[in-house]
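Here's a quick walk through this model for anyone thinking about surfaces and pockets. Take a look at the structure first, then read on.

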Amino acid sequence: MLAFRAVPTTRTTFTLDEELAAQARRLGVNLSAAARDGVAAAVREALVEGDRAAYERKPERPDAFWAEAEVWGDE
């Protein structure tokens, strides 16, 4: 049996174009779920961009130690 674990949440307010909100209501779009999914996607994208920027600032370089360590694994 899977245990349900409650995730702490917080309330927030955002502004949405009236026509878009009306269209979402007509279509039965759950605005809370859509906003949650959108924020989660934006956070993932920002994390990826942050990782990419960090790599560009300090890219990996060949390392003699690791090349030698790989040889040890062949023995």
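Let's start with the surface: the protein chain exposes about 7,600 Å², and carbon and sulfur atoms supply 57% of that area. On the burial side, 7% of the chain's 75 residues count as buried.

Keep in mind that this is a predicted model. Across the protein chain, pLDDT averages 87, with 89% of the residues scoring at least 70. Confidence varies by element, and the two extremes look like this:

| Confidence in the chain | Element | Mean pLDDT |
|---|---|---|
| Highest | helix α1 (residues 18-27) | 97 |
| Lowest | helix α3 (residues 64-74) | 68 |

As for the fold, the protein chain has three helices and zero strands. Read from the N terminus, the order of elements is simply α-α-α.

Helix α1, where confidence is highest, also shows some sidedness. Its residues A21, A22 and A24 are buried. They sit on the same side of α1 because they cover an arc of only 160° around the axis. R26 and L27, on the other side of α1, are exposed.

Now for the pocket. How much space lies in the largest pocket? About 410 Å³. Its lining draws on T9, T10, R11, T12 and F14, along with L31, S32, A35, R36 and V39. Sorted by character, the lining residues come out as four nonpolar, four polar and two charged. R11 and R36, both arginines, are among the residues lining this pocket.

Methods: Residues are numbered from 1 along each chain as its sequence is written. This is a predicted model: local features need pLDDT of at least 70, side-chain atom pairs count only at pLDDT 80 or more; totals for chains, interfaces and linings use all residues. Side-chain values use heavy atoms; hydrogens and water are left out. pLDDT is the predictor's confidence in each residue, from 0 to 100. Helices (H or I, at least four residues) and strands (E, at least two) are DSSP runs, numbered from the N terminus. On a 1 Å grid over the protein atoms alone, a cavity is a set of points where a 1.4 Å probe fits but cannot get out, and a pocket is an open set with protein on both sides within 12 Å along at least five of seven lines; lining residues have an atom within 4 Å of a point. Grid points are joined across faces, edges and corners, and a volume is the space filled by probe spheres set on the points. Ala, Val, Leu, Ile, Met, Phe, Trp, Tyr, Cys and Pro count as nonpolar, Asp, Glu, Lys and Arg as charged, and the others, Gly among them, as polar. Buried means under 20% relative accessible area, exposed over 50%, partly exposed in between (1.4 Å probe, protein chains only). Accessible areas come from the Shrake-Rupley method with a 1.4 Å probe; for residues, only the protein chains shown count as cover. The arc is that of the directions from the helix axis to the C-beta atoms.
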